[in-house]
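Colleague: I am new to this structure and would be grateful for a close look at a single part of it. Please take the matter step by step and connect that part to its surroundings.

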Amino acid sequence: QVQLVEAGGGLVQPGGSLRLSCAASGSIFKFRTMGWHRQAPGKQRELVASITIGGSTNYADSVKGRFTISRDNAKNTVYLQMNSLKPEDTATYYCNADPLWSWGQGTQVTVSS
C-alpha cells in the first residue's frame, strides 16, 4: 500500500506564497497521474490540480494562473506552488493518485491577515 506524506502548509497572508510537497512511498508513483485536492471546513473535497505521467497539467478554474503543479519521478514527489493566495484557499490540502490510493494526513493551509 502506497503511503502519501504531505508537507509545506502553514499560515500566510493574502497575496503570499507557499510550496507544498507530497512524497509517495512506492515506485508505482511514476506510473500514475497525481493530483492535489483540498477540503475546507464544511465543504466537500475538491481536486484543484493534476499532472499526468507525461507532465500535462490541469487546474480548477479557482486556482488557474496562481497554482502550479509539478512532479519529480526520481524522488516520488509531487509539488504544488501556490502564489497570490486568497483567504478562500484556506483548506487542508491532500495529494493522491488517479485512481485513488489511501489518503494521507494532509497539510493545513491558512490564508489570513
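Which residue takes a positive phi in the hairpin of E5 and E6?

Modeller: The model is a predicted one. The residue is Gly55, whose phi lies near 100°. The hairpin that holds Gly55 has 5 residues between strands E5 and E6. These two strands pair in the antiparallel sense, over 3 bridges. Within that pairing, Ser50 stands opposite Asn58 of E6.

The hairpin is best understood through the sheet to which its strands belong. This is an open sheet of 6 strands with mixed pairing, and its order is E2-E10-E9-E4-E5-E6. Strand E6 (57-59) stands at one edge and strand E2 (10-12) at the other; each has a single partner strand, so one side of each is left without a neighbour in the sheet. From one strand to the next, the twist averages 25°. In general, the strands of a sheet pair through backbone hydrogen bonds, in either a parallel or an antiparallel manner.

On its other side, strand E5 (residues 46-51) pairs with E4, again in the antiparallel sense, over 5 bridges. Here Met34 has Ile51 of E5 as its bridge partner. E4 and E5 also form a hairpin, with 6 residues between the strands, in which Gly42 takes a positive phi near 80°. Continuing along the sheet, E4 is joined by 7 bridges to strand E9 (residues 91-98), and the two run antiparallel. One such bridge pairs Gly35 with Asn96 in E9.

Side chains add further links around these strands. Glu46 meets Arg38 in a salt bridge, with N to O at 2.8 Å. Arg38 counts as buried because its relative accessibility is 6%, while Glu46, at 33%, counts as partly exposed. Arg38 also meets Asp89 in a salt bridge, at 2.9 Å from N to O. This second pair links distant parts of the chain, since Arg38 lies in strand E4 and Asp89 in the loop between E8 and E9, 51 residues apart. Asp89 is buried, as is Arg38. A further salt bridge joins Asp61 and Lys64, whose closest N and O atoms are 3.1 Å apart. Salt bridges with shared partners also join Arg38, Glu46, Arg66 and Asp89 into one network. The whole structure holds 4 salt bridges.

Strand E9 leads to another connection. A disulfide joins Cys95 to Cys22, with the sulfur atoms 1.7 Å apart. Cys22 lies in strand E3 and Cys95 in strand E9, so the pair ties together parts that are 73 residues apart in sequence. Both cysteines, Cys22 and Cys95, are buried.

Strand E3 belongs to an open sheet of 4 strands, which has antiparallel pairing and the order E1-E3-E8-E7. Its edge strands are strand E1 (4-7) and strand E7 (67-72), each of which pairs on one side only. E3 pairs with strand E8 (residues 77-82) over 6 bridges in the antiparallel sense, and Ser21 has Tyr79 of E8 as a bridge partner.

Lastly, a surface feature involves Ile53. Together with Ile28 and Phe31, Ile53 makes a nonpolar surface patch of about 280 Å². Phe31 is placed in the loop between strand E3 (18-24) and strand E4 (33-39), and Phe31 counts as exposed because its relative accessibility is 54%.

How values were computed:
Residues are numbered from 1 along each chain as its sequence is written. This is a predicted model: local features need pLDDT of at least 70, side-chain atom pairs count only at pLDDT 80 or more; totals for chains, interfaces and linings use all residues. Side-chain values use heavy atoms; hydrogens and water are left out. Patches are made of residues with over 30% relative accessible area and no salt bridge: like charges are joined within 9 Å, nonpolar side chains (Val, Leu, Ile, Met, Phe, Trp, Tyr) within 5 Å. Accessible areas come from the Shrake-Rupley method with a 1.4 Å probe; for residues, only the protein chains shown count as cover. A salt bridge is a side-chain nitrogen of Lys or Arg within 4 Å of a carboxyl oxygen of Asp or Glu. Buried means under 20% relative accessible area, exposed over 50%, partly exposed in between (1.4 Å probe, protein chains only). Two strands pair if DSSP finds at least two bridges between them. Axes are lines fitted to C-alpha atoms, for helices over the stretch in contact, and angles run from 0 to 180 degrees between N-to-C directions. A disulfide is a pair of cysteine sulfur atoms within 2.5 Å.
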